[in-house]
Amino acid sequence: MAEVFTEAGISVLHDRTLYDDPLYEGAYGRSVEGIEGYLEKYPSLTFILDIHRDAVEDAQHRQYKLISLEDPNAAQLSFIMGSNHDGWQENLKLAVAEAVKADYPTVMRPITLRNSNYNQHKSLGSMLVEVGAAGNSLDEALNSARIFADGFARVLLATKAE
């Protein structure tokens with residue numbers, strides 16, 4: 001994603017910290033500290049994308065593979081949006097505006113709206129993006145990440161031009 005954004009002329013700060021290490025529990029608390037540090041150091045940051053892999057499994061714990069109908073080599077993506085903070089509607093509007101849907105209508109799963117914040121309260125323009133699921137291959141996830149980044153870059157550049 002960072003490569004696609006950079007090629008489109010969008011400056012990127014790519015945090016590669018694994019906030020769920022050593023434990024998944026507490027990852028959001030650790031990552032909010034990272035976000036606050038970046039926002040303090042770089043006050044011009046506008047959008048924060050929190051990238052995850054979904055865990056979709058059946059009752060026997062078999063992992064599902066989620067793929068796009070338009071490109072069977074692309075994992076499906078979804079947005080998880082928190083709604084328990086001021087400004088959550090702005091984040092939701094950004095997710096709804098995502099341009100990927102025009103070219104790849106089945107690459108995006110429905111938006112999940114939850115009574116949480118997922119650190120999205122730190123910046124208008126924050127989104128949690130689930131890229132594929134545990135059953136998808138790395139190549140499928142990377143392909144859909146490129147598709148998403150291209151569409152998101154188009155949304156950002158169109159918004160900037162207005």
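This section describes the internal cavity, helix H2, two buried strand residues and the backbone geometry of a predicted model.

A search of the whole structure returned one cavity of 30 Å³ or more. The space within the largest cavity amounts to about 50 Å³. Its lining is formed by Ile35, Ile48, Asp50, Tyr118, Asn119, Gln120, Ser126, Met127 and Leu128. By residue class, this lining comprises five nonpolar residues, three polar residues and one charged residue. Two strands, S1 (48-54) and S4 (126-133), each provide at least two of the lining residues. The greatest contribution comes from S4, which supplies three residues.

Ile35, one of the residues lining the cavity, is also among the buried residues of helix H2. This helix spans residues 27-41, 15 residues in total. The distance from its first C-alpha to its last is 21 Å, close to the 21 Å expected at 1.5 Å a residue. The buried residues of H2 are Ala27, Ser31, Val32, Gly34 and Ile35. These residues lie on the same side of H2, because they cover an arc of only 160 degrees around the axis. Strand S1 is included in what covers the buried residues of H2. On the face turned away from the buried side, H2 carries the exposed residues Glu33, Glu40 and Lys41. Strand S1 is thus found both in the cover over the buried residues of H2 and among the elements that supply at least two residues to the cavity lining.

Within strand S4, the environment of Gly132 was examined. Gly132 has a relative accessible area of 0% and is therefore classed as buried, the limit being under 20%. When neighbours within four places in sequence are left aside, Gly132 is in contact with Arg53, Asp54, Ala75 and Gln76. The C-alpha atom of Gly132 is separated by 15 Å from that of Val100, and the two residues are 32 residues apart along the chain.

A second buried position, Ser78, is located in strand S2 (residues 77-82). Its relative accessibility is 2%, so Ser78 counts as buried. With neighbours within four places in sequence again set aside, the contacts of Ser78 are Asp54, Met108, Arg109, Pro110, Leu128, Val129 and Glu130. Asp54 thus appears among the contacts of Ser78 and also among those of Gly132. Leu128, another contact of Ser78, belongs to the lining of the largest cavity.

Several features of the backbone were also noted. Most residues other than glycine have a negative phi, and most peptide bonds are trans. Asp21 and Pro22, however, are joined by a cis peptide bond, with omega about 20 degrees. Pro22 is situated in the loop between helix H1 (2-7) and H2. A positive phi, near 65 degrees, occurs at His61, a residue other than glycine. His61 lies in the loop between S1 and S2. With a relative accessible area of 56%, His61 is exposed.

Tyr118, which is not a glycine, likewise has a positive phi, of about 50 degrees. This residue is placed in the loop between strand S3 (112-114) and S4. In contrast to the exposed His61, Tyr118 counts as buried, at 15% relative accessibility. Tyr118 is also one of the residues that line the largest cavity.

Conventions. Residues numbered from 1 in each chain as written. Predicted model: local features only at pLDDT ≥ 70, side-chain atom pairs only at ≥ 80, totals over all residues. Heavy atoms only, no water. 1 Å grid on protein atoms, 1.4 Å probe; cavity = no way out; pocket = protein on both sides within 12 Å on 5 of 7 lines; lining within 4 Å. Points joined across faces, edges and corners; volume = space filled by probe spheres on them. Helix = DSSP H or I, 4+ residues; strand = E, 2+ residues; numbered from the N terminus. Nonpolar A, V, L, I, M, F, W, Y, C, P; charged D, E, K, R; others polar. Expected span 1.5 Å × (residues − 1). Buried < 20%, exposed > 50% of the residue type's maximum accessible area, 1.4 Å probe, protein only. Arc of directions from axis to C-beta. Contact = heavy atoms within 4.5 Å.
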